[in-house]
Amino acid sequence: MQELKIIIAKNIQALRQARGMTQAELAEKLNYSDKSVSKWERGESLPDILVLKEIADLFEVSLDYLVEAEHGRERAFLSKAQADRKKKRGYYIITATSILLVAIFATLLYFILAMVFPGTAYPWLCYAYGVPTAMVVWLVFNSVWFNPRLNFSIVSLLVWSLLAALYLTFYLLGYQIWPILFLGIPIQVIIWMWSNLRKKNHEE
């Protein structure tokens with residue numbers, strides 16, 4: 001049994017690394033904690049048969065593949081893994097480009113307001129609101145292509161940048177609404193509790 005654990009542990013680790021995934025990313029896809037994945041890969045525990053089937057389906061191999069020490073199709077799998085990594089790099093480029101487009105749009109809007117409508121007050125506020133807009137774009141792409149756990153951090157940045165932009169806007173208009181920043185505290189606590197609750201639900 002211990003030898004089987006070691007074989008399965010090595011196979012899971014090899015499949016994960018070939019796909020360019022972290023333990024946390026694999027855990028997220030399986031609805032388990034990264035500690036569980038770490039134990040599997042160290043041979044300290046063995047996933048049940050249903051989880052093994054999920055892992056096999058995720059990496060597009062058979063259950064036999066996970067319990068075999070030698071693999072005849074390893075080269076073909078690695079080739080597919082390399083293609084997947086290339087696809088993921090493409091996702092990163094698309095996400096980064098989309099965020100940069102927000103910055104470009106904010107810059108164009110700034111010049112339109114400053115030059116076409118020279119009487120516009122504080123046109124540079126476009127950049128202040130460009131930050132939470134960029135966070136929204138990042139949140140969408142991260143939810144679709146990347147690690148959903150990062151969403152909690154992105155939402156935090158979105159909340160604080162939006163509150164800062166609103167505070168700055170009203171401050172420039174002569175209104176002292178600094179207490180609005182305190183709204184970020186309970187919102188941040190809710191985000192933290194949501195994150196921990198979701199993580200706890202994924203524990204064994």
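**Entry 1: helix α3 and its end.** I began just after α3, where glycine 43 takes a positive phi of about 75°. I noted at once that what I am reading is a predicted model. Going back into the helix itself, I looked up which residues of α3 are buried, and found Ser36, Val37, Ser38, Trp40 and Glu41. The glutamate in that list made me look for a partner, and I found that the side chains of glutamate 41 and arginine 16 meet in a salt bridge, at 2.5 Å from N to O. This pair links distant parts of the chain, since glutamate 41 belongs to helix α3 (residues 34-42) and arginine 16 to helix α1 (residues 2-18), with their positions 25 residues apart.

Are the two partners buried or exposed? Glutamate 41 has a relative accessible area of 9% and is therefore buried, and arginine 16, with a relative accessible area of 8%, is buried too.

**Entry 2: the whole chain.** I then stepped back to the overall layout, and counted nine helices and zero strands in the chain. Read along the sequence, the pattern is α-α-α-α-α-α-α-α-α. The chain has 204 residues, of which 35% count as buried. I also looked up how contacts are spread along the sequence: taking those between residues at least 6 apart, 60% join residues at least 24 apart. The chain exposes about 12,700 Å², and carbon and sulfur atoms supply 66% of that area.

**Entry 3: further salt bridges.** How many salt bridges does a search of the whole structure find? The search gives five, and I followed up two besides the one above.

Glutamate 25 forms a salt bridge with lysine 88, and their closest N and O atoms are 3.3 Å apart. Here too distant parts of the chain are linked, with glutamate 25 in helix α2 (residues 23-30) and lysine 88 in helix α6, 63 residues apart. Because buried means under 20% relative accessible area, glutamate 25 at 17% counts as buried, and so does lysine 88 at 19%.

The side chains of aspartate 57 and lysine 53 meet in a salt bridge of 2.8 Å, N to O. Both residues lie in helix α4 (residues 49-59), four residues apart, which is about one turn of the helix. I recalled that an α-helix has 3.6 residues a turn, so residues three or four places apart point the same way. Aspartate 57 is partly exposed, with a relative accessible area of 45%, and lysine 53 is likewise partly exposed, at 39% relative accessibility.

**Entry 4: helix α6 and the aromatic rings.** Next I returned to helix α6 (residues 74-116), where threonine 95 lies. Threonine 95 counts as buried because its relative accessibility is 6%. What is threonine 95 in contact with, leaving aside its neighbours within four places in sequence? I found Trp138, Phe141, Trp145 and Phe146.

With those aromatic names in hand I turned to ring pairs, and the count for the structure comes to eleven aromatic pairs. Tyrosine 91 and tryptophan 145 form a stacked pair, with 4.2 Å from centre to centre and 10° between the planes. Tyrosine 91 lies in helix α6 and tryptophan 145 in helix α7 (residues 125-145), so the pair ties together parts that are 54 residues apart in sequence. Tyrosine 91 is partly exposed, at a relative accessible area of 24%, and tryptophan 145 is also partly exposed, at 27%. Ring pairs link Tyr91, Phe141 and Trp145 into a cluster.

**Entry 5: helix α8.** Helix α8 (residues 151-172) has 22 residues, and I noted that its span from first C-alpha to last is 31 Å, close to the 32 Å expected at 1.5 Å a residue. Its buried residues include Phe152, Ile154, Val155, Leu158, Val159 and Leu163, and among them are also polar names such as Asn151, Ser156, Ser161 and Thr169. After α8 comes glycine 174, whose phi is positive, near 95°.

**Entry 6: a nonpolar patch.** Last, I looked at the surface, where Trp160, Trp178, Phe182, Ile185, Val189, Trp192 and Met193 make a nonpolar patch of about 770 Å². Which helix gives the most to the nonpolar patch? Helix α9 (residues 184-201) does, with four residues. Tryptophan 192 lies in this helix α9, and counts as exposed because its relative accessibility is 56%.

How values were computed:
Residues numbered from 1 in each chain as written. Predicted model: local features only at pLDDT ≥ 70, side-chain atom pairs only at ≥ 80, totals over all residues. Heavy atoms only, no water. Helix = DSSP H or I, 4+ residues; strand = E, 2+ residues; numbered from the N terminus. Buried < 20%, exposed > 50% of the residue type's maximum accessible area, 1.4 Å probe, protein only. Contact = heavy atoms within 4.5 Å. Areas by Shrake-Rupley, 256 points an atom, 1.4 Å probe, with all protein chains shown as cover. Patch = residues over 30% accessible without salt bridge, like charges linked within 9 Å, V, L, I, M, F, W, Y side chains within 5 Å. Salt bridge = Lys/Arg side-chain N within 4 Å of Asp/Glu carboxyl O. Expected span 1.5 Å × (residues − 1). Phe/Tyr/Trp six-rings, centres within 6.5 Å; stacked < 30°, edge-to-face > 60°.
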